Amino acid sequence: MKGLAASKKKVDEFSIKNPNYTIIHDNLKDMSQVTSSQTYQKGSWILHMLRGVVGTDNFWKGIKAYYKKYQNLNATTTDFRKEMELASGMDLTTFFDQWLYKSGALKIYGTWQFSNRKKEVTLSLNQIQKEVSLFKMPIQVAIYLPNQAKPLLKTVDLNNKTVVVSFPLDAEPDKIVLDPDAWVLMDATL
């Protein structure tokens, strides 16, 4: 996780200086702008997130199929996306569009409340990034319960500016952590 944190710091620093930079762009007049540190730092994060979205087995299945089909040939991002879609059975258009063709990253402000009467926790996640449009991403949530060694893991589909979900629980959580395994390039406050 130290490597991911260091990479995220570099992505954030670059984004502050270059808020409109996108990994893929149409301006090829200045070839010095085709690649940058962001291409590699954010690009590696995008591959990491893709693996989180499609699953490790599907990710490697897609990577192998892509290399087998395009080794020593020219290929596009669309070619790569199609191979990953075939491997995973998922439509990845939105994922690729939001992370490669748009600037910025996900920023979440969240809150949670436990209802003893209903025996449930309600989690509210709000996208607060200003520089980009809304993201659609699955976000893992770790719910730490009293006297339990391992957290209860749930996935929340972040698909609107605000998402509110409830989970039945017998006791009030000690804490709740968003993205405990660092699968998503984001800043989150909960």
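Here are a few quick questions and answers on how the labels for this predicted model come about.

Q: Why do β3 and β6 count as paired strands?
A: Pairing takes at least two DSSP bridges between the strands. Strand β3 (residues 137-144) is joined to β6 by four bridges, so the pair qualifies. The two run antiparallel. One spot to look at is Tyr144, whose bridge partner in β6 is Lys175.

Q: What makes β4 and β6 the edge strands?
A: The order in this open sheet of three strands is β4-β3-β6, with antiparallel pairing. Both β4 (152-158) and β6 (175-178) pair on one side only. As for twist, neighbouring strands in this sheet are turned by 25° against each other on average, ignoring direction.

Q: How do you know which elements come before which along the protein chain?
A: Just read them off from the N terminus: α-α-α-α-α-β-β-β-β-β-β-β. That's five helices and seven strands.

Q: What makes a residue buried here, and what percentage of the protein chain counts as buried?
A: The cut-off is under 20% relative accessible area. Of the 190 residues in the protein chain, 39% count as buried. On the outside, the protein chain exposes about 11,500 Å², with carbon and sulfur atoms supplying 51% of that.

Q: What counts as a contact, and what share of those with a separation of 6 or more is between residues 24 or more positions apart?
A: Heavy atoms have to lie within 4.5 Å. Among contacts in the protein chain with a separation of 6 or more, residues 24 or more positions apart account for 63%.

How values were computed: Residues numbered from 1 in each chain as written. Predicted model: local features only at pLDDT ≥ 70, side-chain atom pairs only at ≥ 80, totals over all residues. Heavy atoms only, no water. Axes fitted to C-alpha atoms, helices over the stretch in contact; angles between N-to-C directions. Buried < 20%, exposed > 50% of the residue type's maximum accessible area, 1.4 Å probe, protein only. Areas by Shrake-Rupley, 256 points an atom, 1.4 Å probe, with all protein chains shown as cover.
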